[in-house]
Amino acid sequence: MRWSDLIGASFSSLRQRIFRTLLTVLGVVIGTTSVIVMVSIGVGLSATFTGSMETNLSLRQVTVIGPPQQEATADPSLPTAMDEKMLSALQAMPGAESVWPVYKVYADVKVGSYTSGTEIQGLPLEAIEALNLSFAEGGMPEAGEPLSFVIGDMLDQYFYNPSTGEPVDIDFMAQPIFVTFQSENPNEYMPMPGEGGGEEAPATPPKPPKKFIVPVAGILAGVEGQWGPYSDLVAADQTSLVKTLEKAFPGKALPGQPATADGKPKRGFIYSEFRVLAQDSTAAEQLYTHLQEQGFQVYSDIEWIRESQNTAVLIQAVLGGIGFVSLLVAAIGIANTMMMSVYERTKEIGVMKVLGAALSDIRKLFLIESAAIGFLGGIMGLLLSLAISGILNLLLGSSMGMGGSTGQKISVIPVWLMLGSVVFATAIGTVAGLLPAYRAMRLSPLAAIRAQ
């Protein structure tokens, strides 16, 4: 028999038993939809883990927070301080495209009657520009100008009304900002008076620290009510920051810098950390591993993202397995439908054999019917999954801060999942029809004709 005759006969048989066919197709629709929606949620989670990072170079960045410990490395030539030698060594690392030194200081920032302790990051201007930041107000500081800040969109959340304990609204662009630099990190342990045999307080109190009025050059744009990676950022041009600190601590070592016993500065400059920008995410992962092996104290978002992606793959497998159970039940339904079709068409099968139909044609006839049920169920399940995915992204995506302007979706159905689900449903239907087709092939022609 020609393929066109086989396909026509198969669909004619399905139409004659339309109600049973629709119920069987419905089972495949439910199974296919379950698989697609479940897996799409896992894909959406994986995309969410990386989507917000890709815009701020986190996938390509490795941060060095400390030199290699001598006991952790066998290479004595590696630098042991966060200085210019370390900067040169990192720039020579394979895969490193740029290395940005970061100098962090702490300050009390006062706006109006509200004060908050803040960490200020001194960065080269090209490092701030490379972050591709979007500004809601203002813009980048200019090279050579006095100290000014680039601040995050949620920095005002750190300023509280002392009577209510609630954050206050502050216009950083309009209100004057008074900054008092601290000589020490306030988060480090400070001994209590009299603890550890400390000396008594000096007879003359120290001079009050100098205050500086520092303007805000720009405020970063953000999504209202959502914290981003730079929401609490306070960044400044490193050169301008160092010049201002020299005025704040005249004749003394700057915060975090080497000093003599009487507080005088020593030669050299110590950075708080180095941010190494690799050529791509793969190079960043290799660089991260290489630095770890050499004993450097490093961290990178790429490590967290890889772990998150592995978790998302596991979630995909679990959710896909749950959906597969539904599709397996649908396959049993297909097998049952086709087996019933064999019993109902016993006489028809006998007539076909008597007329000379090949056993392969009979097998193909039933396999085409079962494959058609799987294919139709897969197509309808795909369309239903697209609708459900759209509803999930519209409702849950926006409420969870994963949709809308951020471009993130809670459910993502890639092309490979669309095609794979239809092919898989068709394959499941074909496999489910093997036993009924084999049963039809083994029927005796004479016994089949005699059957009522």
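1. I379 is partly exposed, because its relative accessibility is 32% and the partly exposed class lies between under 20% for buried and over 50% for exposed. I379 belongs to helix α9. The model is predicted, and the values here are computed from it.

2. I379 is one of the residues that make a nonpolar surface patch of about 820 Å². The others named in the patch are W3, I7, F11, F375, L376, M380, L383 and L386. Residues enter such a patch at over 30% relative accessible area, so I379 at 32% is on the admitted side of that cut-off.

3. Two helices, α1 (3-16) and α9 (359-399), each supply at least two residues of this nonpolar patch. The greatest contribution is that of α9, with six residues.

4. Turning to the strands, β2 (residues 96-111) has several pairings. With strand β10 (residues 273-278), β2 runs antiparallel, and six bridges join the two. Within this pairing, V99 has V276 of β10 as its bridge partner.

5. Strand β3 (residues 114-123) also pairs with β2, again in the antiparallel sense, over nine bridges. Here V105 is matched with I120 in β3 as its bridge partner. The two strands form a hairpin with two residues between them. In that turn, G112 has a positive phi of about 65 degrees.

6. A further partner of β2 is strand β6 (residues 177-182): the pairing is antiparallel and has six bridges. V109 finds its bridge partner in V179 of β6.

7. Which way do β3 and strand β9 (residues 234-237) run, parallel or antiparallel? They run parallel, and three bridges join them. In this pairing G122 stands opposite A236 in β9. β3 therefore has an antiparallel pairing with β2 and a parallel one with β9, each meeting the requirement of at least two bridges.

8. One general point may help when viewing the strands. Side chains in a regular strand alternate between the two faces of the sheet.

Note on methods
Residues are numbered from 1 along each chain as its sequence is written. This is a predicted model: local features need pLDDT of at least 70, side-chain atom pairs count only at pLDDT 80 or more; totals for chains, interfaces and linings use all residues. Side-chain values use heavy atoms; hydrogens and water are left out. Helices (H or I, at least four residues) and strands (E, at least two) are DSSP runs, numbered from the N terminus. Patches are made of residues with over 30% relative accessible area and no salt bridge: like charges are joined within 9 Å, nonpolar side chains (Val, Leu, Ile, Met, Phe, Trp, Tyr) within 5 Å. Accessible areas come from the Shrake-Rupley method with a 1.4 Å probe; for residues, only the protein chains shown count as cover. A salt bridge is a side-chain nitrogen of Lys or Arg within 4 Å of a carboxyl oxygen of Asp or Glu. Buried means under 20% relative accessible area, exposed over 50%, partly exposed in between (1.4 Å probe, protein chains only).
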